[in-house]
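Biologist: I should like a close look at one loop of this model, with attention to which residues are covered and which are not. Please then set that loop against the other local features of the chain.

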Amino acid sequence: MLVAGLNPHSGEAGIFGNEEKLEIAPAVEDVRGMGIPVSGPYPADALFHKAYKGEFDIVVCMYHDQGLIPLKMIAFDKGVNMTVGLPFVRTSPDHGTAYDIAWKGIADPSSLIEAIKTRCLTRRQITIMKLFDPISFAGVSLKNRMVRSATYEKRADVDGFVTDSLIDLYKDLTQGGVGLIITGNALVHPSGRSVPQAICIHNDHYIDRLRDLTDAVHRLSGTISIQLSHGGRQCFPSLLGGAQPMGAFCGIRPFDKDHSTGNGRR
Ligand SMILES: Cc1cc2nc3c(=O)[nH]c(=O)nc-3n(C[C@H](O)[C@H](O)[C@H](O)COP(=O)(O)O)c2cc1C
């Protein structure tokens, strides 16, 4: 990114003006200090030719005509005006209102079409940028917005304990960049098993392995949340040791004394 000078030939070392030395060069240095690859000020007369040849991407101009004369020479029909720094994307054609030819059916819509296309493109890019932006909500901070939706992995052991294979899978996903993993259905009650080898959380003796899982994800700066689940009438007697499934109308009471955890917690 190069910055043009204000005065002819960028002031010619102060002979034609000193805004370059006093204002522009220090500002460029400040911005460089923020890690933005920019240099200048340079004489504007040669700058645009280099940009046109593709030697760099952006010219920062000091005033309207300095930038628009070269742009309109090469892309009168395709130039697009875009305002940056707004909370939304704003583009417009790079020419004026052309009232003199309004309603005559002779106006060229190319620049307007380009403006709309640029807006659509930029909106997509902004959406993608947001996908990788951190987000905080309800007391949870995520490093990005990529979420692994709740997916039953069939990787718990037959008793519902987390296995190394499940830990490895969630580690892989976290290393791959996923910001939040939601586990597959974790049973809150033995009668809620609708699938084999789902993880369980209905008893304290599951805690240690669940902690191994969360620790492994946290060590990789990931976030993991558990999906609590009861299969209800989707369960099968074959998965329940022959017992009949219990749906919402069967009056299951998970806080009965029988279902307290080992240390008495309900
Ligand atoms: C193999 C598999 C297992 C799934 N397990 C669960 C689950 O345990 N809990 C749940 O709410 N959804 C589960 N789902 C549904 C997913 O969370 C998700 O809603 C679904 O796959 C649709 O999203 P997609 O279009 O991104 O795949 C599962 C989906 C698949 C393919």
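Modeller: The account below begins with the loop and then turns to salt bridges, backbone geometry and enclosed space. The model is a predicted one, and its local features are reported only where pLDDT is at least 70.

The loop chosen is the one between helix H1 (19–33) and strand S2 (39–42), and Met-34 is placed in it. Val-38 is found in this loop between H1 and S2 as well. These two residues fall into opposite classes of exposure. Met-34 has a relative accessibility of 63% and is therefore classed as exposed, the threshold being over 50%. Val-38 has a relative accessibility of 5%, which means that it counts as buried, for which the value must be under 20%.

Met-34 also takes part in a surface feature. Together with Met-1, Ile-36 and Ile-58, it makes a nonpolar surface patch of about 360 Å². For Val-38, a long-range distance is available: its C-alpha atom is separated by 44 Å from that of Asp-168, a residue 130 positions away along the chain.

On the helix side of the loop, H1 carries an ion pair. Glu-29 and Arg-32 are both in helix H1, 3 residues apart, which is about one turn of the helix. Their side chains meet in a salt bridge, with an N to O distance of 3.9 Å; this lies inside the limit, which is 4 Å. Both partners belong to the middle class of exposure: Glu-29 is partly exposed because its relative accessibility is 48%, and Arg-32 is partly exposed because its value is 42%.

On the strand side, S2 holds an unusual peptide bond. The bond that joins Gly-40 and Pro-41 is cis, with omega about 5 degrees, and Pro-41 is found in strand S2. Most peptide bonds are trans, and most residues other than glycine have a negative phi.

The phi angle of two serines is likewise notable. Ser-10, in the loop between strand S1 (2–4) and H1, has a positive phi of about 55 degrees although it is not a glycine. Its relative accessibility is 12%, so Ser-10 counts as buried. Ser-221 has a positive phi of about 60 degrees, again without being a glycine, and is found in the loop between H6 and strand S10 (223–229). Ser-221 counts as exposed, because its relative accessibility is 54%.

Helix H6 leads back to the salt bridges, of which a search of the whole structure finds 6. Arg-209 and Asp-212 both lie in helix H6 (residues 207–219), 3 residues apart and so about one turn of the helix. Salt bridges with shared partners join Asp-164, Arg-209 and Asp-212 into one network. Within it, the side chains of Arg-209 and Asp-212 meet at 2.8 Å, N to O. Arg-209 is partly exposed, because its relative accessibility is 23%; Asp-212 is partly exposed at 33%. Another salt bridge links Glu-55 with Lys-53, whose closest N and O atoms are 3.3 Å apart. Here Glu-55 is partly exposed at 48%, whereas Lys-53 is exposed at 53%.

There remains the space within the fold. The count of cavities of 30 Å³ or more comes to 1, and the largest cavity holds about 60 Å³ of space. It is lined by 13 residues, the closest to its centre being Glu-153, Lys-154, Leu-166, Gly-184 and Ile-199. Helix H5 (164–175) and strand S9 (180–187) each supply at least two residues of this lining, which divides by class into 6 nonpolar, 4 polar and 3 charged residues.

The second largest pocket has a volume of about 380 Å³. Among its 14 lining residues, Leu-71, Val-80, Asn-81, Met-82 and Asp-94 lie nearest its centre. Helix H3 (64–75) and strand S4 (80–83) each give at least two residues to the lining of this pocket, with the largest share, 6 residues, coming from H3. By class, the pocket lining has 7 nonpolar, 5 polar and 2 charged residues.

Terms used:
Residues numbered from 1 in each chain as written. Predicted model: local features only at pLDDT ≥ 70, side-chain atom pairs only at ≥ 80, totals over all residues. Heavy atoms only, no water. Patch = residues over 30% accessible without salt bridge, like charges linked within 9 Å, V, L, I, M, F, W, Y side chains within 5 Å. Areas by Shrake-Rupley, 256 points an atom, 1.4 Å probe, with all protein chains shown as cover. Helix = DSSP H or I, 4+ residues; strand = E, 2+ residues; numbered from the N terminus. Buried < 20%, exposed > 50% of the residue type's maximum accessible area, 1.4 Å probe, protein only. 1 Å grid on protein atoms, 1.4 Å probe; cavity = no way out; pocket = protein on both sides within 12 Å on 5 of 7 lines; lining within 4 Å. Points joined across faces, edges and corners; volume = space filled by probe spheres on them. Nonpolar A, V, L, I, M, F, W, Y, C, P; charged D, E, K, R; others polar.
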